[in-house]
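Reader: Please take one part of this structure and go through it closely. I would like the contacts there first, then the details of the chain around them.

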Amino acid sequence: MSRFGNWHSQLTALSAAVLSTISFNAQAATATYNPADSTVDLPIVEVLDGNSSSFYSAKLQLVSDNELILIEAQPIPASKGVQRNVFDSATSAVHVAAVVAGSDQYYAKLRLVPGSDPMRFTLEQLVNNQFQGCPDFSTPGPSAGSCVLSGEIKRDITLTKNTLWILSGGVFIGGDKVDSAILTINPGTQIFGQQGADFLWIRRGSKIMAEGTPDNPIVFSGPSQQAAGEWGGLILSGQARINGCNEDVAVCEVANEAITSEFSGGNNDADSSGILKYVQILFAGFAVRPDEELNGLTMNSVGSGTLVDYVHVHAGLDDGIEMFGGAVNMKHLVLTNIEDDSLDWGLGWRGKAQFVLVKQSANDGDHGIEADNNPTNNNLQPRSKPILSNMTFIGTPVSQSSGVLLRRGTGVNIWNSVFTQFRNCLTIDGEATSALASAPGELTINHSFVHGCENNFSESNNATISTADWFNSQAGNSTADPLLNGYLPTFGSPLTLAGTAVSDAFFTPVDYVGAFRDADDDWTQEWTFPF
């Protein structure tokens, strides 16, 4: 059975008192306690399971002060758009937004006991939803109900939705591979920077456990939520491999391009920097120096043990998401109104991504993808070579931009994707990247569509191959009209049956091209910022 050593000392007693009194109430989804038989009724539970979800009414029975057992579950019609209980099978957590006990209301978090049959849950958190004052790792903020975070935090802390959290300057979780800490962020929590130099940095060895839900996403944003660059951004540094060192260096560690006192890298590609799930990162980005900026989400040497799923980056001053090395994998990304590159990588990123929507602003934006290996030595190992599938990229021809710019020796395997409305749909740049096209499996695109760009194909900087020939020589590719209505395929779109499954366990098997199966498969609904 799992143990949770960092509970508040009063948690068990408080949970027993709450559960033995009256009711669970997640606003529209009320869970009532029946003292006659010690059961808790949960009329609406959304069970998240990868790409899909299902809805149940459930009944739990209290078997000890802090343990409940599932005794009944019945399928019910979908109940989206309302506050509800959520069970996330990926994290084994049950989130109940509001537990009512007398005149107070609490957020409750249950955790599934691994391997239990019937399913058992322990109570991991019980937090009053009313502001309780600033904890000792913060200071009182400028407005009622706000607390300020600053400097280094070298112990485990939890940020809760009952407080408006404000970043002051660079906030660093843990030391660099010493004094490691875990930052837990509850569903519905809001964290705001006040200016461009305010940012949140998760150092090597520490973790961020940001577990939002569809109805209560976690929000990082700026003070006015009106323009790009209102605060710095979110940065994760891990201990996976990166290629920014001399070839004879056994364990490469690289300084961040913007904050040069911070390092990333190591030799553990499976390293975990935590969880980002149902998270909005809004109006971020800050130019520390020319061409050295903070992005919406920066991941330095982040390993494949990190869970990144359902993340929306909106209106970033620089890139939306940028990877420097590492092997982090991602699903369900929404990158909108990004003023530089929506998705950027270099220095040996070898991760995977599936289900990605990029939608550029009508009057700004650079490349959909800007892909590099190493700018100095284009063939430095480990080479950047991600595997990407089911992407929908919708551009704008306002600048000399490409849907995909492949340069500086990057490899990539692209599957089941569509690129449209950019100045150039696909661009191969330079000799090093061109050479990979003839190396089996190094630079490929299959079952993908390009259409409606000013130039569907282009080359630059002494590329030695034809991008058009490269594209047309590979299986399942097309320049036909994808028939999109906005970002969703219309009825009769050629995308709906043109895909193929990617032979890798990370990828959800699909038979369609683009980020969405059809017009009814809009997984961006409810949890994203309006775009």
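Author: A polar contact is a pair of N or O atoms within 3.5 Å; within protein, one atom must be able to donate a hydrogen and the other to accept it, and residues adjacent in sequence count only if both atoms are side-chain atoms. The model is predicted. By that rule, 10 residue pairs are in polar contact across the interface of domain 1 and domain 2, with both residues of each pair at pLDDT 80 or more. On the side of domain 1 that touches domain 2, the elements giving two or more residues are strand S3 (39-49), strand S6 (85-88), strand S7 (93-101), strand S8 (104-112) and strand S9 (120-128). Sorted by class, this side of domain 1 has 8 nonpolar, 7 polar and 5 charged residues.

The interface lies between domain 1, residues 25-128, and domain 2, residues 146-327. The C-alpha centres of the two domains are 30 Å apart. In contact across the boundary are 20 residues of domain 1 and 17 residues of domain 2. The size of an interface is often given as the accessible area lost when the parts come together. Here domain 1 and domain 2 bury about 1,300 Å² between them, and 48% of that is on carbon and sulfur atoms.

Charged pairs come next. Side chains of opposite charge can pair when their charged atoms come close. Between domain 1 and domain 2 there are 3 salt bridges, while the structure holds 27 salt bridges. Lys 277 and Asp 88 form a salt bridge through their side chains, with N to O at 3.0 Å. In another salt bridge, between Glu 211 and Lys 109, the closest N and O atoms are 3.4 Å apart. Glu 211 lies in strand S17 (residues 207-211) and Lys 109 in strand S8, so this pair ties together parts that are 102 residues apart in sequence. Glu 211 and Lys 109 are both buried.

Two further salt bridges start from the loop between strand S16 (199-202) and S17. Arg 203 pairs with Glu 262 at 2.9 Å, N to O. Arg 203 is in the S16 to S17 loop and Glu 262 in the loop between strand S20 (254-255) and strand S21 (263-264), so distant parts of the chain, 59 residues apart, are linked. Arg 203 has a relative accessible area of 8% and is buried; Glu 262, with 6%, is buried as well. Arg 204 forms a salt bridge with Glu 253, the closest N and O atoms being 2.8 Å apart. Here too the pair links distant parts of the chain, 49 residues apart: Arg 204 is in the loop between S16 and S17, and Glu 253 is in the loop between strand S19 (233-237) and S20. Arg 204 counts as buried at 2% relative accessibility, whereas Glu 253 has a relative accessible area of 34% and is partly exposed. Salt bridges that share partners join Arg 203 and Glu 262 with Glu 152, Lys 154 and Asp 179 into one network.

Two loops beside the domain 1 strands deserve a note on their backbone. In the loop between S6 and S7 is Ser 92. Its phi is near 65°, a positive value in a residue other than glycine. Ser 92 has a relative accessible area of 24%, which makes this residue partly exposed because the limit for buried is under 20%. The loop between S8 and S9 holds Pro 118, and the peptide bond from Asp 117 to Pro 118 is cis, with omega near 5°.

Similar backbone details can be listed elsewhere in the chain. Gln 381 and Pro 382 are joined by a cis peptide bond with omega about -5°. Pro 382 is placed in the loop between strand S31 (369-371) and strand S32 (387-394). Leu 347, in the loop between strand S29 (343-346) and strand S30 (352-359), has a positive phi near 60° and is a residue other than glycine. At 15% relative accessibility, Leu 347 counts as buried.

Ser 478 completes the list, in the loop between helix H3 (467-472) and strand S40 (484-485). At 18% relative accessibility, Ser 478 counts as buried. Apart from neighbours within four places in sequence, Ser 478 is in contact with Ser 448, Phe 449, Val 450 and Phe 471.

How values were computed. Residues numbered from 1 in each chain as written. Predicted model: local features only at pLDDT ≥ 70, side-chain atom pairs only at ≥ 80, totals over all residues. Heavy atoms only, no water. Domains from an automatic or database assignment. Contact = heavy atoms within 4.5 Å. Buried area = accessible area lost by both parts, 1.4 Å probe. Salt bridge = Lys/Arg side-chain N within 4 Å of Asp/Glu carboxyl O. Helix = DSSP H or I, 4+ residues; strand = E, 2+ residues; numbered from the N terminus. Nonpolar A, V, L, I, M, F, W, Y, C, P; charged D, E, K, R; others polar. Buried < 20%, exposed > 50% of the residue type's maximum accessible area, 1.4 Å probe, protein only.
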